[in-house]
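Me: I would like to learn how to read a model of two protein chains. Could you take me through the features one at a time?

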Amino acid sequence: MENTITSIFDMNIKPEYLFIHLDAVDNMDAIKQMAVNLAKQGVVKNSFIPAVLERERIFSTGLQFDETGIAIPHTDTQHINSSAISIAILKKPVTFQAMGMPDSKVNVEIIFMLAIKTAHGHIKFLQTLMNQLQNKVILHNLINSTSKKLLINNFKSLFNKEN
Amino acid sequence: MKKILVACGAGVCTSTAVLNKLKSILDDRGFKGKYELSQCKVAEVPAKSSGYDLCIATTTVSEVKCPFIMGIPFLTGRGLDDVIKKILKELEK
């Protein structure tokens with residue numbers, strides 16, 4: 001496996017930030033496991049862990065796409081050491097509250113945890129990510145990645161056309 | 001000049017994604033130079049929104065003092081056409 005760090009529009013990604021079939025009892029458990037890992041990797045400060053959990057309680061991040069749901073937990077820039085993205089494909093879906101719709105729930109199969117160090121930065125990354133995830137085939141392929149190597153390659157390919 | 005405020009929980013992530021998509025859509029529809037976009041945290045909306053013609057957010061907001069439109073479709077693409085129609089209607093007022 002390539003263990004080198006890759007930067008996509010200044011957002012770092014590497015195999016250590018990825019989870020294939022993460023076993024989580026619920027959304028908060030999934031977020032916690034991902035946040036603890038990012039802290040261990042030095043991407044975020046320890047304060048990120050309670051901050052991202054609290055942020056999710058107040059401003060939930062589930063997004064319903066045509067065939068599946070995703071979540072994009074994130075929090076304030078002060079908890080971040082370096083901008084990065086962590087991705088978890090879940091062993092079984094967990095329920096998130098829908099972003100902006102407190103009464104709606106989303107069945108989430110894949111979580112994109114965003115560690116953003118620069119406010120209003122990473123515009124091209126965020127824009128491309130959200131545009132590409134609206135494509136059913138692309139999202140399906142990401143969720144069905146069976147190894148970290150495949151996931152990282154599938155993820156990188158989202159940004160190829162835009163480079 | 002119409003002033004549009006784009007807000008999200010942290011003011012760093014989803015509002016950025018919404019803002020850029022909105023900008024490209026408005027420019028495509030011939031509104032270039034006829035609007036001004038600003039970005040803030042949703043907690044700042046009660047204090048800031050009175051000076052704006054339209055507020056778009058990816059969370060629910062309370063005490064918004066200008067017309068408000070939910071911006072989630074900018075992230076998911078679902079229902080985006082309806083949201084764009086509503087926004088254009090506000091801008092044409």
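Reply: Start with the word contact, which means that heavy atoms lie within 4.5 Å. The model here is predicted. In chain A, among contacts between residues at least 6 apart in sequence, 68% join residues at least 24 apart. For chain B the corresponding share is 54%.

Me: Which secondary structure elements does chain A have, and in what order do they come?

Reply: Count the elements, then read them along the sequence. Chain A has 5 helices and 7 strands. Their order is β-β-β-α-α-β-β-β-β-α-α-α. The radius of gyration is 14 Å, close to the 15 Å that the globule rule gives for 163 residues, so chain A is as compact as a globular protein of that length. Along the principal axes, its C-alpha trace spans about 40 × 35 × 30 Å.

Me: What does the same reading give for chain B?

Reply: Chain B contains 4 helices and 4 strands. From the N terminus on, they run β-α-β-α-β-β-α-α. With a radius of gyration of 12 Å, close to the 12 Å from the globule rule for 93 residues, chain B is also as compact as a globular protein of its length. A box of roughly 30 × 25 × 20 Å, taken along the principal axes, holds its C-alpha atoms.

Me: How much of each chain is buried?

Reply: A residue counts as buried when its relative accessible area is under 20%. By that cut-off, 55% of the 163 residues of chain A are buried. In chain B, buried residues make up 56% of the 93. As for surface, chain A exposes about 7,100 Å², with 49% belonging to carbon and sulfur atoms. The accessible surface of chain B is about 4,100 Å², and carbon and sulfur atoms account for 48% of that.

Me: Can we try this on single residues? Is B:Val83 buried or exposed?

Reply: B:Val83 counts as buried because its relative accessibility is 6%. It sits in helix α4 of chain B, residues 80-91. Leaving out residues up to four places away in sequence, B:Val83 touches B:Ile69, B:Met70, B:Pro73 and B:Phe74. B:Ile56 is 27 residues from B:Val83 along the chain, and their C-alpha atoms are separated by 10.0 Å.

Me: Where is A:Asp26 found?

Reply: A:Asp26 lies in the loop between β3 (18-22) and α1 (27-40) of chain A. Its relative accessible area is 35%, so A:Asp26 is partly exposed. A:Leu151 is 125 residues from A:Asp26 in sequence, and the C-alpha to C-alpha distance is 22 Å.

Me: How many charged side chains does each chain have?

Reply: Count the positive and negative side chains, then compare where the two sets are centred. Chain A has 16 positive and 14 negative side chains, with the two centres 6 Å apart. Chain B has 15 positive and 10 negative ones, and there the centres lie 1 Å apart.

Me: Last, what describes the size of an interface?

Reply: The accessible area lost when the parts come together is often used to give it. Between chain A and chain B, the buried area is about 2,000 Å², and carbon and sulfur atoms give 64% of this. On the chain A side, A:Phe59, A:His120 and A:Gln127 lose the most area to chain B, together 23% of what that side buries. The contact takes 26 residues from chain A and 23 from chain B.

Notes. Residues are numbered from 1 along each chain as its sequence is written. Chains are lettered from A and ligands numbered from 1 in the order in which they are written. This is a predicted model: local features need pLDDT of at least 70, side-chain atom pairs count only at pLDDT 80 or more; totals for chains, interfaces and linings use all residues. Side-chain values use heavy atoms; hydrogens and water are left out. Helices (H or I, at least four residues) and strands (E, at least two) are DSSP runs, numbered from the N terminus. The radius of gyration is taken over C-alpha atoms; the globule rule is 2.2 Å times the number of residues to the power 0.38. Buried means under 20% relative accessible area, exposed over 50%, partly exposed in between (1.4 Å probe, protein chains only). Accessible areas come from the Shrake-Rupley method with a 1.4 Å probe; for residues, only the protein chains shown count as cover. Lys and Arg count as positive and Asp and Glu as negative; His and the chain ends are not counted. The place of a charge is taken as NZ of Lys, CZ of Arg, CG of Asp or CD of Glu. Buried area is the accessible area (1.4 Å probe) that two parts lose on being put together, summed over both.
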